[in-house]
Amino acid sequence: MSADLHPTIVAMVSLAANIAANHPKQGQCQLERLRSYGVSEEHIEAVVEIARHLRDEAAQALDTRFDALRDGEAQPAAGGNPFATLTVTSGESCCTPTPSGRSCC
């Protein structure tokens, strides 16, 4: 039994993924689809804000890990992937709210 997602959900997920991944097409096709489906600009803006927030958090975590490796405060992971050991430290939330206070999880 297959449960297809509603086209608006697919377009929102795709838009968020495009933004978070810095895709060169920047989700323009999904924006057009969402607008044609009648999704409000407020909902579209919420998706954009959350995706940008997650993208920026990921970049910050990678930058922090890079700096620790560069400064000799951390050791590269076995297997050659220096970022494989990125983890959430105890007591931290799995995600932080966006600047406007929207939850991303």
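This passage describes the helices, their contacts and selected residues of a predicted model.

The chain has 105 residues, of which 23% are buried. Its secondary structure consists of 3 helices and 0 strands, and the order along the sequence is α-α-α. Among contacts with a separation of 6 or more, 53% join residues that lie 24 or more positions apart.

Helix H1 spans residues 7–20 and helix H2 spans residues 28–36. The axes of these two helices come within 9 Å and cross at roughly 150 degrees. Because angles over 145 degrees count as roughly antiparallel, H1 is roughly antiparallel to H2. The crossing of H1 past H2 is left-handed. On the H1 side, the contact is formed by Thr8, Ala11, Met12, Ser14, Leu15 and Asn18, and on the H2 side by Gln30, Leu31 and Leu34. By class, 5 of the residues in the contact of H1 with H2 are nonpolar and 4 are polar, with no charged residue.

The axes of H1 and H3 come within 8 Å and cross at roughly 35 degrees. In this case, H1 passes H3 in a right-handed crossing. Met12, Leu15, Ala16, Ile19 and Ala20 of H1 meet His43, Ile44, Val47, Val48, Ala51, Arg52 and Arg55 of H3. The contact of H1 with H3 comprises 9 nonpolar residues, 1 polar residue and 2 charged residues. Met12 and Leu15 are among the H1 residues that meet H2, and Met12 and Leu15 are also among those that meet H3.

In soluble globular proteins, nonpolar side chains tend to be buried together. The largest nonpolar core of the model has 10 residues, namely Ala11, Leu15, Ile19, Leu31, Leu34, Val39, Ile44, Val47, Val48 and Ala51. At least two residues of this core come from each of H1, H2 and helix H3 (41–70). The greatest contribution is that of H3, with 4 residues. Several core members also take part in the helix contacts: Ala11, Leu31 and Leu34 belong to the contact of H1 with H2, while Ile44, Val47, Val48 and Ala51 belong to that of H1 with H3. Isoleucine 19, a member of the core, touches Val48, Ala51, Arg52 and Arg55 when residues up to four places away in sequence are not counted. The partners of isoleucine 19 thus include Val48 and Ala51, both of which are core residues.

Valine 10 lies in helix H1. Its relative accessibility is 44%, so valine 10 counts as partly exposed. The C-alpha atoms of valine 10 and leucine 34 are separated by 9.7 Å, and the two residues are 24 residues apart along the chain. Glutamine 28 lies in helix H2 and is likewise partly exposed, because its relative accessibility is 42%. From glutamine 28 to leucine 15, the C-alpha to C-alpha distance is 8.0 Å, with their positions 13 residues apart in sequence.

The loop between H1 and H2 holds two residues with a positive phi. Most residues other than glycine have a negative phi. Asparagine 22, which is not a glycine, has a positive phi of about 55 degrees. Asparagine 22 is located in the loop between H1 and H2 and is exposed, with a relative accessible area of 53%. Glutamine 26, also not a glycine, has a positive phi of about 55 degrees. Glutamine 26 is placed in the loop between H1 and H2, and it counts as exposed at 53% relative accessibility.

Arginine 102 is found in the segment after H3. With a relative accessibility of 26%, arginine 102 counts as partly exposed. Not counting residues up to four places away in sequence, arginine 102 touches Glu42, Glu45, Ala46, Glu49, Ile50 and Pro97. Arginine 102 and histidine 53 are 49 residues apart in sequence, and their C-alpha atoms are 9.8 Å apart in space. Histidine 53 is not one of the residues that arginine 102 touches.

How values were computed: Residues numbered from 1 in each chain as written. Predicted model: local features only at pLDDT ≥ 70, side-chain atom pairs only at ≥ 80, totals over all residues. Heavy atoms only, no water. Axes fitted to C-alpha atoms, helices over the stretch in contact; angles between N-to-C directions. Parallel < 35°, antiparallel > 145°, perpendicular 65-115°, else oblique. Left-handed = near helix turned anticlockwise from the far one by under 90°. Contact = heavy atoms within 4.5 Å. Nonpolar A, V, L, I, M, F, W, Y, C, P; charged D, E, K, R; others polar. Core = buried A, V, L, I, M, F, W, Y, C linked by side-chain atoms within 4.5 Å. Buried < 20%, exposed > 50% of the residue type's maximum accessible area, 1.4 Å probe, protein only.
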